[in-house]
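Please look over the structure below before reading the notes. They are grouped by topic.

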Amino acid sequence: MSAQPNVMAQQDSNEGLLKQQPGRYARFGAFLADLERAELYQNGQRVKVQAKLFQALVLLLRRAGDVVTREEVRRQLWAETFLTNLDANVNTTINKLRQVLGDSPESPLYIETIPRRGYSFVAMVKFSDVPSEAALEVANKKSAEAQHANGIEPVLADRSFYVAARVVSLLFGGMILGALLTFVWFFSQAKYRRASSGASISISAAWECSRLVGLSREDHFNPRM
């Protein structure tokens, strides 16, 4: 019978927190929390944060300036779980959240420990339905880069195809030119060999004729006895 009142109290607590939320975005210091998408940004750059840590952050942001007890943190983060060591689990969660924010319990910039009671978010929080200018610039930059990349990809594909076709055509043309040069070289060599052979035959024939003429002259001047 005690479980039903706890669940109803948790639902009432969640509804109360939702009603207290004046906007989707919460700005504090160098951070911007997107309460709808459960995302945290620092100076326009997204910061990785675990779900439980973000839930604790949202609770503190919505109750900024107030004291949030450890029991309220437990009901928000572990509504249906009974914790045997409540303080240890809550302290661990808050300490990890401080590490994400770069905060410390000795010199708190965001989360102050209230002894024997709980925690209080001491930094100024501004809620809005639109992100800050820095976050908008980052989002617009990412959108522009995505559009630019989408526009460049077809151009790069066409250019790559053109370059590949150009290289193939140059290689094919080089092969044809090499074959033609090889054919011309062999043809010129064959022609040179034929010319050389013809010249050799002519010289041999002329030399043989000269030799025969010489012999005939010797026979003329030296008749046989």
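The notes that follow go from the whole chain to its core, one pair of helices and one residue.

This is a predicted model. The protein chain contains five helices and eight strands, and 24% of its 225 residues are buried.

**Overall make-up**

- In sequence order, the helices and strands follow the pattern α-β-β-β-β-α-β-α-α-β-β-β-α.
- Among contacts with a separation of 6 or more in the protein chain, 53% link residues that are 24 or more positions apart.
- The exposed area of the protein chain is about 16200 Å², and carbon and sulfur atoms supply 59% of that area.

**The largest nonpolar core**

- In soluble globular proteins, nonpolar side chains tend to be buried together.
- Here, the largest nonpolar core has 29 residues.
- The residues with the most contacts inside this core are Phe 28, Leu 40, Leu 57, Leu 61, Leu 101, Ile 111 and Phe 121.
- Two or more core residues come from each of strand 1 (25-28), strand 2 (31-34), helix 2 (51-62), helix 3, helix 4 and strand 7 (118-121).
- Helix 2 gives the most to this core, namely eight residues.
- Apart from neighbours within four places in sequence, Leu 61 is in contact with Ala 26, Phe 28, Ala 33, Leu 35, Phe 121, Val 125 and Phe 127.

**Helix 3 and helix 4**

- The axes of helix 3 (residues 70-77) and helix 4 (residues 86-101) come within 10 Å of each other and cross at roughly 80 degrees.
- Angles of 65 to 115 degrees count as roughly perpendicular, and helix 3 and helix 4 are therefore roughly perpendicular to each other.
- On the helix 3 side, the contact is made by Arg 70, Glu 71, Val 73, Arg 74 and Leu 77.
- On the helix 4 side, the contact is made by Leu 86, Asp 87, Val 90, Asn 91 and Thr 93.
- The residues of this contact between helix 3 and helix 4 comprise four nonpolar, two polar and four charged ones.
- Six of the eight residues of helix 3 are buried, so helix 3 is largely enclosed by the rest of the structure.
- The buried residues of helix 3 are Arg 70, Glu 72, Val 73, Arg 74, Gln 76 and Leu 77.

**Arg 27**

- Arg 27 lies in strand 1.
- Is Arg 27 buried, partly exposed or exposed? Its relative accessibility is 27%, so Arg 27 counts as partly exposed.
- Arg 27 and Val 125 are 98 residues apart in sequence, while their C-alpha atoms are 5.6 Å apart in space.

Note on methods: Residues numbered from 1 in each chain as written. Predicted model: local features only at pLDDT ≥ 70, side-chain atom pairs only at ≥ 80, totals over all residues. Heavy atoms only, no water. Helix = DSSP H or I, 4+ residues; strand = E, 2+ residues; numbered from the N terminus. Buried < 20%, exposed > 50% of the residue type's maximum accessible area, 1.4 Å probe, protein only. Contact = heavy atoms within 4.5 Å. Areas by Shrake-Rupley, 256 points an atom, 1.4 Å probe, with all protein chains shown as cover. Axes fitted to C-alpha atoms, helices over the stretch in contact; angles between N-to-C directions. Parallel < 35°, antiparallel > 145°, perpendicular 65-115°, else oblique. Nonpolar A, V, L, I, M, F, W, Y, C, P; charged D, E, K, R; others polar. Core = buried A, V, L, I, M, F, W, Y, C linked by side-chain atoms within 4.5 Å.
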